[in-house]
Amino acid sequence: MKTTNKLISVNKENDWFSIQTESIALRIYFLSDDIIRLRADFTEKYEEASYILTMTGWDDKLDSLLGNERQRIELLEPEFVENKTHYAIKTASLTVKLFKDPFVVKIYNQDGKVIYSDLPNRAIQQDHLGRVYHYSETRDERYFGFGETTGNINKKGEHISISPKDAINHDPSKTKNMYKHIPFYMRVDNESHHALGMFYHNSWESEFHMDSEVSGYWPRYSYFRAEGGDIDVFFINGPKVTDVLERYTQLTGKPYMPPKYSMGYLGSTMYYPELPQDCDDAILGFMEQNDREQIPVSGFQLSSGYTVGPDNKRYVFTWNQKRFPEPSRFFKAMEERGCPVSPNIKPGILVTHPYYDEYASNNGFIKTADSENPYTDSWWGGMGSFVDFTHPDGRRVWKDQMKRSLIDHGVTSIWNDNC
């Protein structure tokens with residue numbers, strides 16, 4: 001077990017502060033007066049390779065991937081002072097105090113009230129299996145966030161699993177693992193209503209325990225645990241919830257303005273694309289029925305049945321000619337009805353896919369950790385490999401396939417599924 005229970009020193013290094021503990025040196029970065037990054041890399045390599053952050057203050061191996069979507073800012077360089085028990089670093093909005101023994105990070109607002117505190121003697125840890133932990137004290141507060149999860153809006157007392165699943169027929173009262181799990185949440189103080197966001201920049205499978213455990217050895221606490229990687233947490237100040245959300249989306253990206261038709265009723269069903277043949281005519285018949293019933297439909301989500309091959313498996317960027325003999329004609333007919341079609345595509349390629357070798361020979365797949373071979377795992381209908389969108393060749397092959405099989409037929413919008 002590696003712990004960070006004792007602070008040895010704090011030093012200014014380039015644009016960050018180096019925090020030496022008894023086990024490792026952590027880093028703290030000030031992106032703005034209200035966004036603070038604390039990172040514990042137990043390998044102490046501190047490599048930067050993020051496909052998530054759209055605002056950074058450092059060089060990143062994937063800068064070219066995000067291109068103009070990534071904003072490079074100048075980090076703040078606040079002064080820090082050493083006291084007998086702690087170091088204090090101040091911005092215009094916050095004061096961060098780094099206590100020495102035990103090492104604890106505490107964040108104070110302008111009124112001098114604590115809005116965040118680590119759990120003493122149990123702040124940041126790595127166990128013998130490589131799992132990493134971050135513990136914090138809890139107060140009279142509520143917790144909101146975590147992306148697409150079921151259950152109560154306030155997650156206090158809950159255990160949240162960050163492990164995305166295609167949760168078909170899920171039980172909304174029990175199931176937590178759904179498509180979009182995002183390691184971000186807000187703590188809102190019940191008395192002051194001050195909101196503080198916490199975003200964990202870690203894509204390993206992980207868990208949040210939100211004041212769901214009780215121990216006689218500790219004050220009330222919450223914690224984040226990941227199967228690997230870093231404790232890389234961004235503290236995002238409010239004080240309002242809207243302030244936190246604005247700053248969080250500055251950090252991780254804002255959505256493009258959606259087309260007007262996406263705000264209307266979107267038809268979507270697996271039924272029509274799964275018919276044995278003439279699925280295109282069946283969908284056009286559905287549109288005619290809506291016309292008779294005076295139900296306006298502004299878009300149609302085409303599920304993956306259109307890609308099913310003779311072995312009944314789904315092969316992205318292929319067409320089942322019995323179901324859709326003339327894709328261009330179908331898309332044109334739907335556009336003329338004012339109902340653009342968004343075909344379903346998936347980021348996994350079955351090993352039996354007719355284009356599998358094209359991806360493999362062009363560095364298109366995520367590889368195993370110890371070789372140049374494509375990583376394979378269970379997928380829709382069998383074993384498959386997964387497109388490496390961080391690699392230029394993977395993106396190129398993907399775009400070529402999309403243009404050839406969809407855009408050239410008149411498609412103007414895409415449904416990214418299983419992502």
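Biologist: In what order do the five strands of the open, antiparallel sheet stand, and what makes two of its members edge strands?

Modeller: The order is β8-β9-β10-β11-β12, and the pairing is antiparallel; strands here, like helices, are DSSP runs numbered from the N terminus (E over at least two residues for a strand, H or I over at least four for a helix). The edge strands are β8 (80-82) and β12, since each pairs on one side only, and the twist from one strand to the next averages 20°. The model is a predicted one, in which local features need pLDDT of at least 70 and side-chain atom pairs count only at pLDDT 80 or more, whereas totals for chains, interfaces and linings use all residues. Residues are numbered from 1 along each chain as its sequence is written, and side-chain values use heavy atoms, with hydrogens and water left out.

Biologist: How do you know that β11 and β12 are paired?

Modeller: Two strands pair if DSSP finds at least two bridges between them, and three bridges join β11 (residues 103-108) to β12 (residues 114-117), so the condition is met. Within this antiparallel pair, Ile 107 stands opposite Tyr 116 in β12. The hairpin has five residues between the strands, and Gly 112 takes a positive phi near 80° there. Just before β11, in the loop that follows β10 (95-100), lies Pro 102, which is joined to Asp 101 by a cis peptide bond with omega about 5°.

Biologist: Why are β22 and β28 said to stand at the edges of their sheet?

Modeller: That open sheet has four strands in the order β22-β23-β24-β28, with parallel pairing. β22 (266-269) and β28 (415-416) each have a single partner strand, so one side of each is left without a neighbour in the sheet. β22 and β23 (residues 299-302) are joined over four bridges in the parallel sense, and the bridge partner of Gly 267 is Phe 300 in β23. Helix α4 (residues 327-336) lies across β23 and β24 (341-345), at about 135° to β24.

Biologist: Why are the buried residues of α4 said to line one face of the helix?

Modeller: The buried residues are Pro 327, Phe 330, Phe 331, Ala 333 and Met 334, where buried means under 20% relative accessible area, exposed over 50% and partly exposed in between (1.4 Å probe, protein chains only). Seen down the helix axis they fall within an arc of 160°, so they line one face of α4; the arc is that of the directions from the axis to the C-beta atoms. These buried residues pack against α3 (279-292), β23 and β24, while the face turned away from them carries the exposed residues Lys 332 and Glu 336.

Biologist: What makes Glu 335 partly exposed?

Modeller: Its relative accessible area is 34%, which falls between the two cut-offs, so Glu 335 counts as partly exposed. Glu 335, which belongs to α4, touches Pro 340 and Thr 412, leaving aside residues up to four places away in sequence; a contact means heavy atoms within 4.5 Å.

Biologist: Why is α3 called roughly parallel to α4?

Modeller: The two helices pack at an angle of about 5°, with their axes 10 Å apart. Angles under 35 degrees count as roughly parallel, over 145 as roughly antiparallel, 65 to 115 as roughly perpendicular and the rest as oblique, so α3 is roughly parallel to α4. Asp 280, Asp 281, Ile 283, Leu 284 and Met 287 in α3 meet Arg 329, Phe 330, Ala 333 and Met 334 in α4. The residues of this contact divide into six nonpolar, no polar and three charged.

Biologist: What makes the phi of Asn 14 and that of Gln 294 worth a remark?

Modeller: Most residues other than glycine have a negative phi. Asn 14, although not a glycine, has a positive phi of about 55°, and Gln 294, also not a glycine, has one of about 60°. Asn 14 is found in the loop between β2 (7-13) and β3 (16-21), and Gln 294 lies in the loop between α3 and β23. The relative accessible area of Asn 14 is 61%, so this residue is exposed; Gln 294, at 72%, likewise counts as exposed.

Methods:
Axes are lines fitted to C-alpha atoms, for helices over the stretch in contact, and angles run from 0 to 180 degrees between N-to-C directions. Ala, Val, Leu, Ile, Met, Phe, Trp, Tyr, Cys and Pro count as nonpolar, Asp, Glu, Lys and Arg as charged, and the others, Gly among them, as polar.
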